[in-house]
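Q: I would like to learn how to read a few features of a protein model. Please take them one at a time.

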Amino acid sequence: MRAWMAGLVLLMTTAAWAHGPEASAVKVRLDPLPAPMADIQVQVQTTVAPQLVVANHGKAPLTVLDEQGRAFVRIARDGVYADVRSPAWYRTQSAARGVPLPQGVSQTASAHWVKVQREPHWGWFDPRLRTEGVTVPHAVKDAGQPASIAGWSVPVRVGDTETRLQGQFRYEPLPRGVMFSRLTSAAQPLEGVTVSLAPGTVPALLVENRRDQPLLVMDGQGMPYLRIGPQGSFVNAREASQRNDLVPPRWVKVADVPRYTWTEPRAAHASRYPPSAVVRQGRRAVLDHWQIPVTLAGKTVPISGVVYWQPERGESVARAGHAHHSH
């Protein structure tokens with residue numbers, strides 16, 4: 001279930017990878033669920049902001065209430081329902097503030113429930129989980145140790161039973177250093193194909209293909225994900241779970257040129273934190289080796305690289321790929 005829930009967040013917040021996870025030492029942690037939620041799975045995931053993610057395969061629907069006690073989303077075994085006249089329904093779809101509201105939407109408008117999804121899972125950016133307004137006491141900062149500094153709570157109903165999702169805001173100081181990725185494969189892995197890597201919390205790959213045949217970039221299951229060639233650049237719009245040898249790709253054009261840049265989670269460390277043992281060593285270390293398979297004219301080669309941890313002190317290194325660029 002954990003891997004499935006993480007995949008759900010990625011599907012719902014694809015733009016988040018462009019910015020990376022919330023770079024804050026204040027973390028949102030979820031307390032154990034109350035007894036009425038025994039058949040419901042809940043996680044807090046952090047992309048551009050903390051997000052509650054729920055899967056409900058139980059008999060009783062889960063209804064979430066806003067700060068004024070108005071219900072705005074209901075997650076049931078037969079799907080997800082939204083009160084489309086509730087301001088909270090719109091404000092929780094994005095981590096941004098000041099989301100414009102459609103005409104007829106207000107806190108006092110009569111409820112109008114609409115089924116918005118057939119599957120029994122949903123994720124939303126609840127403002128009660130925002131961390132930017134949480135102040136870390138000076139004494140806690142000076143101690144430099146993880147500590148709970150405040151609590152959060154979201155009222156819900158399971159069927160007719162009132163209960164709460166709740167948890168803690170915790171100060172978890174970030175290790176002093178940086179993780180960065182570098183290419184180890186050639187800048188030209190195939191004739192006519194050039195690759196470069198841009199730094200970031202999730203690095204970006206830039207691939208250009210000057211050949212007269214398309215280059216295919218494979219996903220984590222070895223299925224075509226991107227096509228870059230003389231007709232432009234295309235993304236396979238089929239969800240990862242639907243990509244297989246029996247289903248042809250559904251290509252959607254995203255650029256008119258034979259080069260494309262995208263953020264690539266496989267080139268990043270799976271966690272925002274390096275292992276404690278690596279931090280204690282106090283020196284640069286390799287955290288991961290990664291590969292992105294690409295195919296051209298029947299030949300498959302990997303774009304490969306490593307992820308390093310560089311502590312704040314010590315050897316200075318460039319936080320980018322090879323010293324080459326595609327134009």
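Q: Which residue does R70 meet in a salt bridge?
A: This is a predicted model. The general idea is to look for a side-chain nitrogen of Lys or Arg within 4 Å of a carboxyl oxygen of Asp or Glu. Here the partner of R70 is D83, with an N to O distance of 2.8 Å.

Q: Where in the chain do R70 and D83 lie?
A: R70 is in the loop between β4 (62–65) and β5 (71–76), while D83 belongs to strand β6 (residues 79–83). They are 13 residues apart, and the pair links distant parts of the chain.

Q: Are R70 and D83 buried or exposed?
A: Compare the relative accessible area with a cut-off: buried means under 20%. R70 has 12%, so R70 is buried. D83 has 1%, so D83 is buried too.

Q: How many salt bridges are found in the whole structure?
A: The search finds 10. One of them joins the side chains of R130 and E132, at 3.2 Å from N to O. R130 counts as buried at 19%, whereas E132, at 46%, counts as partly exposed. R210 forms a salt bridge with E208, and their closest N and O atoms are 3.6 Å apart. In this pair R210 is exposed, with a relative accessible area of 53%, and E208 is buried at 6%.

Q: Which residues are linked in a network of salt bridges?
A: R29, R170 and E172 are linked in this way.

Q: How do I read a sheet, and what is the order of the strands in the open sheet of seven?
A: Read the strands across the sheet, from one edge to the other. The order is β1-β10-β9-β4-β5-β6-β7, and the pairing is antiparallel. At the edges are β1 (26–30) and β7 (113–117), each of which pairs on one side only. Neighbouring strands are turned against each other by 30° on average, direction ignored.

Q: How many bridges join β5 to β6?
A: Four bridges join these antiparallel strands. As for single residues, R74 stands opposite Y81 in β6. D83, met earlier in the salt bridge with R70, is also in strand β6.

Q: What is the order of the strands in the open sheet of three?
A: The order is β12-β13-β18, again with antiparallel pairing. Its edge strands, β12 (193–198) and β18 (259–263), each pair on one side only. The average turn between neighbouring strands of this sheet is 15°, direction ignored. Strand β13 (residues 204–209) is joined to β18 by five bridges. V207 stands opposite Y260 in β18.

Q: What about the inside of the model? Which residues touch the most other members of the largest nonpolar core?
A: In soluble globular proteins, nonpolar side chains tend to be buried together. In this model the largest nonpolar core has 32 residues, and L52 and W152 touch the most other members. Strand β9 (residues 147–158) supplies the largest share of this core, four residues.

Q: Which residues does W152 touch, not counting those up to four places away in sequence?
A: They are V28, R29, L30, V44, L52, R128, L129, L165, Q166, G167, Q168 and F169. R29 is also part of the salt-bridge network with R170 and E172.

Q: How many residues are in the second, separate core?
A: That core has 25 residues, including L205, L215, V217 and L226.

Key: Residues are numbered from 1 along each chain as its sequence is written. This is a predicted model: local features need pLDDT of at least 70, side-chain atom pairs count only at pLDDT 80 or more; totals for chains, interfaces and linings use all residues. Side-chain values use heavy atoms; hydrogens and water are left out. A nonpolar core is a set of buried Ala, Val, Leu, Ile, Met, Phe, Trp, Tyr and Cys residues joined through side-chain atoms within 4.5 Å. Buried means under 20% relative accessible area, exposed over 50%, partly exposed in between (1.4 Å probe, protein chains only). Helices (H or I, at least four residues) and strands (E, at least two) are DSSP runs, numbered from the N terminus. Contact means heavy atoms within 4.5 Å. Two strands pair if DSSP finds at least two bridges between them. Axes are lines fitted to C-alpha atoms, for helices over the stretch in contact, and angles run from 0 to 180 degrees between N-to-C directions.
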